[in-house]
Amino acid sequence: MDDKLKIGIADMKMAQGTGMLVTYALGSCIGICLQDPKLKLGALIHIMLPLNMEPGRKNPMKYADTGIRETVKQLEAKGASRARLTAKIAGGAKMFESSGALGNIGQRNIDSVHMNLKKEGIRLLKEDVGGSVARTLLFDVNTGLACIRCYGRPELII
């Protein structure tokens, strides 16, 4: 498939019918694949942090809470049904040993994504989270399949 849309850090893109959404370097960040299977409409968000406490909320896609909420809103604007939306997630690794103020940001991101998907009423179908390796996430909006690649381990399809 040559029609890959690249999603950067703190970014989101959507596609419908055909298209492969891809994001790289998911360390403590999390890639969230959302899909309405009936419409073959999908989105991929690359969030960095669990909660948006930024004054003025300049980039909602940087955070799990506002990124999920805003993406659901945009999917619904394109005809998606919240009742049909499903999610798959990858990332949330513990990349550094740290006991500083941020603690294990990967785990905090995982917890926040779980909580916000539940709050929005979106079913989480599969996940590949935690550990200590960075991941690349590819999401096929037509099939709803997500492919996770990381160094030293076989490709995983979820």
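Which residue stands opposite His-46 in strand 5? In this predicted model, that place is taken by Gly-31. The pairing of strand 5 with its neighbours is a good way into the structure, and the description starts there.

Strand 5 covers residues 41–47, and seven of its seven residues are buried. In a regular strand the side chains alternate between the two faces of the sheet. Here Leu-41, Ala-43, Ile-45 and Ile-47 point one way, while Gly-42, Leu-44 and His-46 point the other way. Both sets are made up of buried residues, which fits the description of the strand as mostly covered.

Two pairings of strand 5 can be followed in turn. With strand 4 (residues 30–36), strand 5 pairs in the antiparallel sense over seven bridges; the Gly-31 and His-46 positions face each other in this arrangement. Strand 4 and strand 5 form a hairpin with four residues between the strands, and in that hairpin Lys-40 adopts a positive phi near 50°. Strand 2 also runs antiparallel to strand 5, joined to it by six bridges. Here Lys-13 is the residue that stands opposite Leu-44.

Lys-13 leads on to the charged contacts. Side chains of opposite charge can pair when their charged atoms come close. The structure holds eight salt bridges, and one of them links Lys-13 to Asp-11, with the closest N and O atoms 3.1 Å apart. Lys-13 is partly exposed, with a relative accessible area of 27%, and Asp-11 is likewise partly exposed, at 22%. Leu-44, the residue opposite Lys-13, is by contrast buried.

A further salt bridge brings strand 4 back into the picture: the side chains of Arg-84 and Asp-36 meet at 2.8 Å, N to O. Arg-84 lies in the loop between helix 1 (64–77) and strand 6 (86–91), whereas Asp-36 belongs to strand 4, so this pair ties together parts that are 48 residues apart in sequence. The two partners also differ in their surroundings. Asp-36 has a relative accessible area of 0% and is therefore buried, while Arg-84, at 25%, counts as partly exposed.

Arg-149 and Glu-155 make another salt bridge, in which the closest N and O atoms are 2.7 Å apart. Arg-149 is partly exposed at 39% relative accessibility, and Glu-155 is partly exposed at 46%. Elsewhere, salt bridges link Glu-76, Arg-82 and Glu-120 in a network.

Backbone angles complete the survey. Most residues other than glycine have a negative phi, and most peptide bonds are trans. Against that background, Lys-40 in the hairpin of strand 4 and strand 5 has already been noted for its positive phi, and two alanines deserve a look as well. Ala-10 has a positive phi near 60° and sits in the loop between strand 1 (4–7) and strand 2 (11–16). At 14% relative accessibility, under the 20% cut-off, Ala-10 counts as buried. Ala-25 also has a positive phi, of about 60°, but its place is within strand 3 (residues 20–26). With 51% relative accessibility, over the 50% limit, Ala-25 counts as exposed. Of these two alanines, then, Ala-10 is a buried loop residue and Ala-25 an exposed strand residue.

Conventions: Residues are numbered from 1 along each chain as its sequence is written. This is a predicted model: local features need pLDDT of at least 70, side-chain atom pairs count only at pLDDT 80 or more; totals for chains, interfaces and linings use all residues. Side-chain values use heavy atoms; hydrogens and water are left out. Buried means under 20% relative accessible area, exposed over 50%, partly exposed in between (1.4 Å probe, protein chains only). Two strands pair if DSSP finds at least two bridges between them. A salt bridge is a side-chain nitrogen of Lys or Arg within 4 Å of a carboxyl oxygen of Asp or Glu.
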